[in-house]
Amino acid sequence: MARSRSTLNSGNKQGEELPKARLNAKNLKKVAALLKYVKPYRTKFIFGMFFLFLSSLVGLAFPALLGGMIDAAQGKQKIPFIPANVNTIGIIAFTILFFQAFVSFGRIRLFVEVAEKSLADIRRDTYFKLITLPMNFFSNRRVGELNSRISADLSQIQDTLTTTLAEITRQIVLLIGGVTLLFTLSTKLTLLNLSVLPVLVIVAVSFGKFIRRIAREAQDKLAESNTVVEETLQGISNVKAFVNEAYEAGRYSRSLSDVVRIAMRGATFRGGFVSFVIFCLFGAIVAVIWYGSILVSRHDMTVGSLTTYILYAVFVGAAMASFPELYANVQKALGSSERVLEILEEKGEPISMNEEDNRTNVHIQGDLEFKDVVFSYPSRKEITVLDGVSFKASAGEKVAIVGPSGAGKSTIASLILQFYDIYSGQIRYDGKTSNDYSLTDIRNQVAIVPQDVLLFGGTILENIAYGDLSASREAIIDAAKRANAHNFVTGFPEGYDTVVGERGVKLSGGQRQRIAIARALLKNPAILILDEATSSLDSESERLVQEALEELMKNRTSIIIAHRLSTIREADRIVVLEKGKVVENGSHTELMTNEQGLYRYLSQLQFEV
Ligand SMILES: Nc1ncnc2c1ncn2[C@@H]1O[C@H](COP(=O)(O)OP(=O)(O)OP(=O)(O)O)[C@@H](O)[C@H]1O
């Protein structure tokens, strides 16, 4: 009878063990915050609840009707409100059945509608919040974990709204109504039944916990053995090269033996537990019928009443049996709500979900200045990544930033884009500090061509249009031509409508970069950041990319994060960074004259190889 496992909706994720939360006033109060999402649909929710209550209540009439029918057949029907005629009782039973079916349909429709709509609202808000959260939030968390909040956690809440809440209400009605009716039917039998209850509950709860612990242990062990498979398959070349097949096979076998050992231990206890439950269940039925039959033979009870009693007892038993799982589901939903609320309560960046609000208000010409910028990542506060960095790039200039790995070059790019707040100092755009602009003003006028170009699953056209969603097809094709991408794009049978990304055509590194350049050209920023790719391209590809970059850098301030010094000789200025400090600043020729300088040293290293 416990249907909490089945779902009435689309969102359930089976088999995913979600952490539970304690059911207490503090947690419930927190979760009440999520109820505001149900508020707009409260009338439907209340109607659904009412229907549910009604159908559960009506369900309680059946045992009485069926028992009454049996007694009526023998001419012994004495229950008030129930007629003495078998056919009349049959017709009443069918009418009630029809009514119940109608009401159940109504409540399922209403609950699913309320849950789907309010959950879509929560999902939308969580997603909006997630994508406007500052970068720092993401550096502390894994994408998989965030993804699971939107999918598994929200599905759990959805299940609770559609199924668990309904089921709890139904079972409570059946339990209270059932027990009351049992007492009115036969106090003696009911007392006999209820007397064994505490023993049963204690055994079931403590055994249940123990068995679940063993099951979890077995699951962990299995996961461990799967890791062995994963590791060896991933590093299969290593396994083969070192002829370690036998070693790995041994490791896997040992791990599997552990799994079997724990599973068998679990099976012993589970077997004992299940046998005990079955014994108790059938024992209770036998005892009730046995004792009931004695009462019937003594004319203390009719056969119909005994039947009614047995049916109510089944209702009550099933209701009790369903509570542990329903309770666990509520706990899981509480845990899920807490985790979702954590995201909803985070402070996001001031970015509107309305595209109109994100237009550029204050235009930037392209002067950029870092003035004594001190910065450390919020996740690693103790490490100063930029320590008093100052440099200038006037509008239209090309400034290269070079330095050893980990010096802080990419960090500078992130700060230009205002991904993080700096600790002290200033970042000035056209002589004004970042506080004088809105976040969207800055980001709208800065574009980055990253090292690793990520293309979204979609067409090439859509991927280029990411730079300016309002651009016409002609403008997009023009940008692609200027980025040296047109030729290879038109080489595909579907041209600009070729799907790329995971399920589409795989583009080479150079091709992806040219798409990114076209994207940036379309955006037409005042300030451009080029995070030069570390992996080198073949010379033809390199030439095409370089040409496209030259086109992109024309007439705008360009900050080039350079890994290969050969590409930046023409830069107006080269800023040399070491351990978060600017150690040199000047043109290529100037810097090469400093014999002790880091730039000269790095150049020699690169050109000598
Ligand atoms: N998101 C982050 N959270 C915490 N620390 C970070 C983060 N990103 C970078 N760092 C640290 O900041 C320092 C500077 O990193 P950054 O990526 O800016 O260096 P880089 O000069 O661009 O290096 P590379 O040439 O290897 O790309 C490094 O010590 C790095 O470990």
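This briefing describes the helices, sheets and ligand surroundings of one protein chain. The model is predicted. UniProt, in an unreviewed entry, lists six stretches as "transmembrane region": residues 45–70, 82–103, 168–185, 191–211, 271–291 and 303–323. Further along the chain, six strands form one open sheet, and an open sheet of four strands has antiparallel pairing. A ligand is surrounded by 13 residues.

**Stretches listed as transmembrane**

- Residues 45–70, one of the stretches in the UniProt list, are 96% helix and 0% strand. The C-alpha atoms at the two ends of 45–70 are 39 Å apart.
- Residues 271–291, also in that list, are 100% helix and 0% strand. Here the end C-alpha atoms are 29 Å apart.

**Helix packing: H6 with H11**

- Helix H6 covers residues 143–185 and helix H11 covers residues 303–344. Their axes lie 6 Å apart, and the packing angle is about 155°.
- At that angle, H6 and H11 are therefore roughly antiparallel to each other.
- H6 and H11 cross in the left-handed sense.
- The contact of H6 with H11 is made up of 22 nonpolar, eleven polar and five charged residues.

**Helix packing: H10 with H8 and H7**

- Helix H10 spans residues 245–297 and packs with helix H8, residues 197–234. The angle between H8 and H10 is about 160°, and their axes are 9 Å apart.
- That angle makes H8 roughly antiparallel to H10.
- The crossing of H8 and H10 is left-handed.
- In the contact of H8 with H10 there are 20 nonpolar, four polar and eight charged residues.
- Helix H7, residues 187–195, also meets H10: their axes come within 11 Å and cross at roughly 155°.
- H7 is therefore roughly antiparallel to H10.
- The crossing of H7 and H10 is right-handed, whereas H8 passes H10 in a left-handed crossing.

**The six-strand sheet**

- The strand order in this open sheet is E6-E9-E10-E3-E11-E12, and the pairing is mixed.
- Strand E6 (446–449) and strand E12 (581–586) are at the edges. Each has a single partner strand, so one side of each has no neighbour in the sheet.
- On average, neighbouring strands of this sheet are turned by 20° against each other, direction ignored.
- Strand E3 (residues 398–402) pairs with strand E11 (residues 573–578) in the parallel sense, over four bridges. Within this pairing, Ile-401 has Val-575 in E11 as its bridge partner.
- E11 also pairs with E12; these two strands run antiparallel and are joined by five bridges. Leu-577 has Val-582 in E12 as its bridge partner.
- E11 and E12 form a hairpin with two residues between the strands. In this hairpin, Lys-579 takes a positive phi near 45°.

**The four-strand sheet**

- This open sheet has the order E2-E1-E4-E5, and its pairing is antiparallel.
- Strand E2 (386–393) and strand E5 (432–433) are the edge strands, and each pairs on one side only.
- Strand E1 (residues 368–375) pairs with E2 in the antiparallel sense over six bridges. Leu-368 stands opposite Ala-393 in E2.
- E1 also pairs with strand E4 (residues 424–429), again in the antiparallel sense, over five bridges.
- Glu-369 has bridge partners in two strands: Lys-392 in E2 and Arg-428 in E4.
- In a regular strand, side chains point to the two faces of the sheet in alternation.

**Surroundings of the ligand**

- Of the 13 residues around the ligand, the closest are Tyr-377, Ser-405, Lys-409, Ser-410 and Thr-411.
- Helix H12 (residues 409–416) contributes the most to this shell, with three residues.
- The shell around the ligand consists of three nonpolar, eight polar and two charged residues.

How values were computed. Residues are numbered from 1 along each chain as its sequence is written. This is a predicted model: local features need pLDDT of at least 70, side-chain atom pairs count only at pLDDT 80 or more; totals for chains, interfaces and linings use all residues. UniProt positions are given in the numbering used here, feature names are shortened, and annotations may be inferred rather than shown by experiment. Axes are lines fitted to C-alpha atoms, for helices over the stretch in contact, and angles run from 0 to 180 degrees between N-to-C directions. Angles under 35 degrees count as roughly parallel, over 145 as roughly antiparallel, 65 to 115 as roughly perpendicular and the rest as oblique. A crossing is left-handed if the near helix is turned anticlockwise from the far one by less than a right angle, and right-handed if clockwise. Ala, Val, Leu, Ile, Met, Phe, Trp, Tyr, Cys and Pro count as nonpolar, Asp, Glu, Lys and Arg as charged, and the others, Gly among them, as polar. A residue is near a molecule or strand if its C-beta atom, placed from the backbone, lies within 6 Å of it. Two strands pair if DSSP finds at least two bridges between them.
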